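Hi,

Here is the structure I promised to pass on. Have a look at it first, and then read my notes underneath.

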Amino acid sequence: MGNNQPKKYRNFMIGAASAALVATAVAPVASAAQFTDVKEGNTHAPAINALVEAGVISGYPDGTFQPNKTLTRSDVVKMMGKWLESLDYKVPTDYKTNPRFKDLTSKSNDELLKYAALVKDNGVFNGYADGTLGAGLDITRENMAIVLVRAYDAIHKTDLVTLVKETEFDKDVTDLAKAKAEARPYIDVLDYFDITNPVAPQFNPKSTTTRGQFASFLYKTSIVELEAEVDTEAPKLVYTGEKTLNVEYGKEFTAPVVTATDNVDEEIEVTSVITNEAGERLTAIDTKVPGTYKVTYSAVDAAGNSAEDLVVTVVVGENPVSEVVSVNAVNAKQVEIKFNNAVEKNTVVNGNGDLQNITISRTVAAGDNRDADTFKGELSKDGKTLTITAVGNGGAQFFSGSYAVTVTDDVKDAKGKALKPFSNVVTVDDKVAPTVSNVEYDVTNGEITVTLSEPVKGIPSIFRVNGSPIAVGTVTASANNTKFTFAKPASVASGSTASVYVTGVQDYAGNQLEASTSNVVITKDDTELQVVSAKQLNTNSAEFVFNKAIATSDNDIKSALSVIIDGTVVSGADINVAKDVNDARVVKVTYTGTSSNTTGPNYFYGNASSKDVSFVFAANQLKDVFGKELPATTKTVTMNKDVAAPMVVSTSISSDKKYIELKFDKQITSTTNTNRNNVTLRKDGVAVSMADGAVSFANDTNGDQTILRITPNSAVELAGGEYTVRLPEGFVNDSHGNASKAITASATKAGVPASDLTATITNNGGTPNVFQVEFSEDVTAETALNLNNYKLDGKALPAGTDIYFKSGAPTTRVVIELGDESINFGNSTTPGQAELNVSGVKSTTGKTVKSISKVVDVADNTAATLVSAKIISNSLELTFDEAVNPATLGTDVGKILADLQIKSDAGTFAQPATGTPATVVTEAGSDNKKIVITVTAQDSNWTNVINGSNLTVTTKETGYTGRVTNLVDVNGVKVKAGVTVSVLK
């Protein structure tokens, strides 16, 4: 059993320094204090002596140690506190005024108070769910395991539970199932490091612990050492405790070239190559993504001699804080969110693929398919990548432009911990052409499937196999238009390699698919079909694994199978057969016990404790995907009776946040005890009443009824806090009549603590460009009115923005008004959208607001400006810097002329008193930046003015500051006044 676990860190460095990792430990000494009741040769004597010498434990005034005395919870608190204190952990100064447990007061034992504060603050000893310590109660061995491992983690800044969980090893402890679910991984840690006694495989988790036993456990835990994983071909890697990996590297070499790749051989950025005070070169690679990283050093000396490349492999483990690593556009149809740790699927997507606790919206309305408003999400198998696809408008919607993405802390990681909230803007501008990423042959149904790198608009127009065309009408597309499938042409022989050519389609951004030719092997397999393993899967199911995928349907497999118990063939009505949906080599056979003549429980072994069951597959009835048939096969499986009580393996808050969900390790059924009166529910230690129907059952993702739901009130979302559920013994049974033990389980609903400073963001009075930020308590003017604490679409607020406290709420509500010439999209009828972010604002009591972002409405307040003018025949053509909309004035062209001063040395144009002075048309085309005014001379001076020298046009301010009276741009903003341009003729 080796200690070869990878350390956990996110930022590692490699360079010339070399240091040794030495675990801070209590070392045994020869001159330790001796006790009259600890004789030489006592099993626990070395540990007792070492811990006494270190000041962690002590004896009694009469000179005894009393190694056989049962240890209480207060004894453990004091010992663990002294261990931390011996390693320079400081006792909190408020331990008397702020007792950490509800059953301690300022008058409690001083030593217990200070060490209780020390171990609680460092996460070593958390007490009971109701906040009490239970100081006088005996500590169980399972709780001792938890405390020891947490203490080690606190001291060494590691996570032994995760390290051991990721490592395969031979387990010595045989009664792990008797421990509560929370304690099992901690007991595994003690088992892995041989802290438990391998001679006695029974850990006895519910038993008490003696002083002598605890001394041995504590000493063995204290001397555990972890090593950083190294490449044995390279110089030794060591972990310094400061997230730095150091590599010996000759100082005589200069200007090293450093490259790094990740575990899929994609190059990653080397963020810095630095020299420390000792002159050692260090390379830093900052990553939030767990995995294996390879760093290569290449260098030459001053004479130009090359050093042999030095390659170092580093393993980066999971960060304990779960968060979003990145949000990136994959293509015009898909956006990808990456997490550093696996997340719980039902907290990001529901069963229909709809997004949960994640919002994505365009910051500027485009008025076309880019206004994607319907999305589907798909979580990767490892739970770390969520791919969001725009699917609205019959699948034709796509991304283009900027989108606000928000991920709330209602997203949970795989361990049930809340994700760190995230908000940012992602810009999508897909200029990458789609490519063929894979071509494969499915021998099961004789089809070839071409997979493209991204969704495309429709089916490619050209497919050829070995040069022969495939009719497009015979090609079927996947739901997201990335996979295209067609039947293998009869002319292509099995066992051959076919050439597949495809082209003729665009992605949603208009990028053309690159013409591609790929080879695909038309698989052929002549090996015999066989059953390679047969075993009991659970109490009423057996599993059969074949050497190849099975093509025969579930019903036909069932027809070919005879199940024989005690010489009698079981009725087919009592048997269910199903291939694994993810692996067609695996077949599950389940005894359902559903026929009318079945009287016993639904398991193979009847009332016996064990039974040999024969499974007979008839000859030549099962076929693999290559057409090979299974010969007559008989497998005997010993089915053992399940006598274990159902146990809770996880407790969580449901995705709709309305109930507490307890998941058991097996299927459960209701009993007469299953009603609300037998359930004790507490929220933060306070009793919660429940209505009728509060207790219900649900199926897990495999369709098994393993979930018990507690619903305090089905119509209301649970408030934030810790919920503790207590169920009496026998509350539920498993399918074989085993009753559950008494259960206490807790789950936390994330909420905003009352002590936090929070903010809500709205448009003030529903007005675009004017925003209101309301804080949960009084804030300082210095921070609340600081424009640097607010960002719009990730950028500083535009120049001219006004910010002030709202009248009537001078210390909690801030109003932000964007200045003129700051927004150039959206209008009052159809506002655009932008993301407003608030951070850095402080309350008058010193709290800092939790960073929050919200999509707000904005409207164009940037005026169109006249940029040029010229005479064409008898008409005046005006050009503006953005689209204008004279059509809003109807036929009253005189209003446009009233906004203009047309002047030359011959005079100023004056409209005639009567008649139609002019006609106006907008420029042909799409940008609408030009208008053409044709003036009818009539009795006006038009002809003289335009023929005069120094002809100019000026936009006039006639009643509006800085604006004309009538002419507007397409967003309804009046054209800028006071602009003069010379007219070309």
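Below are some notes on a helix pair, a covered helix and a sheet.

First, the small print: this is a predicted model, where local features need pLDDT of at least 70, side-chain atom pairs count only at pLDDT 80 or more, and totals for chains, interfaces and linings use all residues. Residues are numbered from 1 along each chain as its sequence is written, and side-chain values use heavy atoms, with hydrogens and water left out.

Start with helices α2 (residues 73-86) and α7 (residues 211-222), which pack at about 30° with their axes 12 Å apart. (Helices are DSSP runs of H or I with at least four residues, strands are E runs of at least two, and both are numbered from the N terminus.) That angle makes α2 roughly parallel to α7, a label used for angles under 35 degrees. On the α2 side, V76, M79, M80 and W83 meet R211, F214, L218, T221 and S222 of α7; contact means heavy atoms within 4.5 Å.

Helix α7 turns up again beside α6: the buried residues of α6 pack against α4 (141-156), α5 (160-165) and α7. In α6 (residues 184-192), eight of the nine residues are buried, meaning under 20% relative accessible area with a 1.4 Å probe, protein chains only. Among them are Y186, I187 and the charged-looking pair of positions D188 and D191. Just after α6, D194 has a positive phi of about 60°.Lastly, the sheet: four strands form an open, antiparallel arrangement in the order β36-β35-β39-β41, where pairing takes at least two DSSP bridges. Its edge strands are β36 (686-687) and β41 (743-749). Strand β39 (residues 721-727) pairs with β41 over seven bridges, and Y723 stands opposite A747 in β41.

Cheers

Key
Axes are lines fitted to C-alpha atoms, for helices over the stretch in contact, and angles run from 0 to 180 degrees between N-to-C directions. Angles under 35 degrees count as roughly parallel, over 145 as roughly antiparallel, 65 to 115 as roughly perpendicular and the rest as oblique. Buried means under 20% relative accessible area, exposed over 50%, partly exposed in between (1.4 Å probe, protein chains only).
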